[in-house]
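Colleague: Please take me through one part of this model closely, starting from a single residue and working outwards. I would like the cut-offs spelled out as you go.

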Amino acid sequence: MKQFDFGIIGFGIAGLSVAYALRKSEIFRGASICVISGGEGLPPPASHTPIALLNPATGREAKLVRDAAEVLPYTKHMLREIQDWAFGNTLNMNTMDLFEAPFFFETGVLRPAASPEMANAIKHRLETDPWPNDWASWLSSSEIADRFAGVYNAHGGLWISEGGFVNMTRFFEVARKWLEVEGVVVEDRVLGDGVHDIHDGHNLEQKTLGELTFRRLILTAGHGMTSLSLWQPDELGLHAVKGQILTLELSEAINLSCAVSMHGYLAPHVDGIQSSRSARKITIGSTFEHQFDSIQPNENGQRRLLEIAESILPGIGSNIIRTENWASIRVHRPPDRKPFVARQYSERGIWGLTGFGSKGLLLAPTAARRLVTELEEQDRATLS
Ligand SMILES: Cc1cc2nc3c(=O)[nH]c(=O)nc-3n(C[C@H](O)[C@H](O)[C@H](O)COP(=O)(O)OP(=O)(O)OC[C@H]3O[C@@H](n4cnc5c(N)ncnc54)[C@H](O)[C@@H]3O)c2cc1C
């Protein structure tokens with residue numbers, strides 16, 4: 001029997017963030033942790049997307065996300081810490097390939113307005129939402145043309161200087177190494193029949209999973225939460241949306257020094273970045289299928305993403321030599337779409353953390369930190 005204080009089911013942004021918050025906790029810093037990362041037979045984790053935007057604005061009007069002043073700096077702090085750690089380790093020959101390029105790009109995000117009405121609505125939001133100083137400003141059409149040549153600029157747009165983008169595939173490769181150096185065990189396995197496998201042992205506080213035993217279990221399985229039979233599907237109330245990603249290899253490098261969000265989003269792909277301004281590969285993403293039969297990328301999705309690319313970078317269609325598709329599923333809980341902690345089994349030491357919708361990178365680290373604070377308080381109360 002291998003015994004752990006914490007088992008975390010899922011190695012997406014939620015699972016990683018829980019492990020990170022536990023390592024940063026005064027009370028749990030020395031706790032033993034095992035992350036069950038999933039594996040063969042499961043769809044790709046939504047978090048392992050080639051590119052994700054770190055964007056505090058949401059929706060058609062670029063509304064400021066709730067608690068943005070807390071969640072954005074905390075996610076950035078986590079990304080910077082792991083990235084700085086990786087670069088500090090480039091002398092280690094075994095990890096050199098992995099760490100040779102950054103994964104976190106603090107470039108800012110441009111949000112062009114698609115129509116005059118949209119421009120007015122976004123400007124109104126900029127004035128009335130509690131945007132922290134210097135995070136965002138309005139750029140006129142000519143200012144966009146000067147600073148971001150080639151990007152759609154007809155109605156001006158919102159410049160979010162605090163935003164950026166992350167190559168999540170690379171981030172998760174590095175984060176796994178970081179966890180292992182931090183003493184966290186990462187196991188590639190799938191909970192076949194969900195947490196039916198998990199039952200209280202002779203000690204009520206223990207949950208067992210094969211040869212692994214945990215004092216507390218935190219389930220962060222993303223879309224996989226819906227098939228873990230601990231909960232009835234209705235109990236979680238999750239709504240799934242399929243999203244697709246398209247990476248384009250270009251015949252000629254283009255100037256693109258930031259991420260862009262309009263109808264979907266677009267950013268330079270890390271393998272195609274030639275200098276701080278020029279890119280040979282770009283990635284476009286959008287989540288739009290509320291009903292789907294298959295989790296595979298498809299032609300319809302590819303067509304839609306090409307349209308988004310063309311709307312953001314007019315004329316890009318004639319510059320494409322190769323495309324690569326990717327798809328996954330994200331979940332949120334209507335109607336308020338807030339991330340949530342499932343506590344139905346918390347008295348048995350089992351929690352769920354999910355429902356990050358289209359903002360997992362932005363929201364999950366803080367949600368995980370809050371959950372860990374709650375667990376700390378519980379332990380303090382038990383001790384006193
Ligand atoms: C195409 C697309 C683009 C997106 N773009 C952005 C973006 O730009 N910015 C942003 O902030 N968010 C974006 N999102 C949303 C973001 O990806 C999600 O909010 C976030 O990834 C959710 O993280 P998670 O950890 O909850 O779930 P996931 O990332 O899905 O991770 C779930 C984990 O659980 C594991 N798992 C599942 N079932 C089992 C099981 N039975 N046994 C063991 N393990 C299991 C999986 O293997 C995985 O490791 C995008 C989503 C998609 C689909």
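Modeller: Ser 37 counts as buried because it has 22 C-beta neighbours inside 10 Å; buried means 20 or more other C-beta atoms within 10 Å of a residue's own, exposed 12 or fewer, and partly exposed in between, with C-beta atoms placed from the backbone. This is a predicted model, in which local features need pLDDT of at least 70 and side-chain atom pairs count only at pLDDT 80 or more, while totals for chains, interfaces and linings use all residues. Residues are numbered from 1 along each chain as its sequence is written.

Ser 37 sits in the loop between strand S2 (33-36) and S3. Helices (H or I, at least four residues) and strands (E, at least two) are DSSP runs, numbered from the N terminus. Neighbours within four places in sequence aside, Ser 37 is in contact with Phe 11, Val 186, Glu 187 and Asp 188, contact being C-beta atoms, placed from the backbone, within 7 Å. Arg 189 is 152 residues away from Ser 37 in sequence, yet their C-alpha atoms are 6.3 Å apart.

S3, on the other side of that loop, belongs to an open sheet of three strands in the order S3-S10-S6, with antiparallel pairing. Strand S3 (52-54) and strand S6 (104-105) are at the edges with a single partner strand each, so one side of each has no neighbour in the sheet. Two strands pair if DSSP finds at least two bridges between them; S3 and strand S10 (residues 164-166) are joined by three. Leu 53 stands opposite Phe 165 in S10.

Helix H6 covers residues 168-181. The expected span is 1.5 Å times one less than the number of residues, so the 14 residues of H6 should span 20 Å, and the end C-alpha atoms are indeed 20 Å apart. Its buried residues are Met 168, Arg 170, Phe 171, Phe 172, Val 174, Ala 175, Trp 178 and Leu 179. Just after H6, Gly 183 has a positive phi of about 85°.

S3 also supplies at least two residues of the shell around the ligand, as does helix H1 (13-24). Helix H9 (360-383) gives the most, with four residues. Of the 42 residues around the ligand, Gly 12, Gly 38, Gly 222, Gly 224 and Gly 360 come nearest; a residue counts as near if its C-beta atom, placed from the backbone, lies within 6 Å.

Conventions. Two residues are in contact if their C-beta atoms, placed from the backbone, lie within 7 Å.
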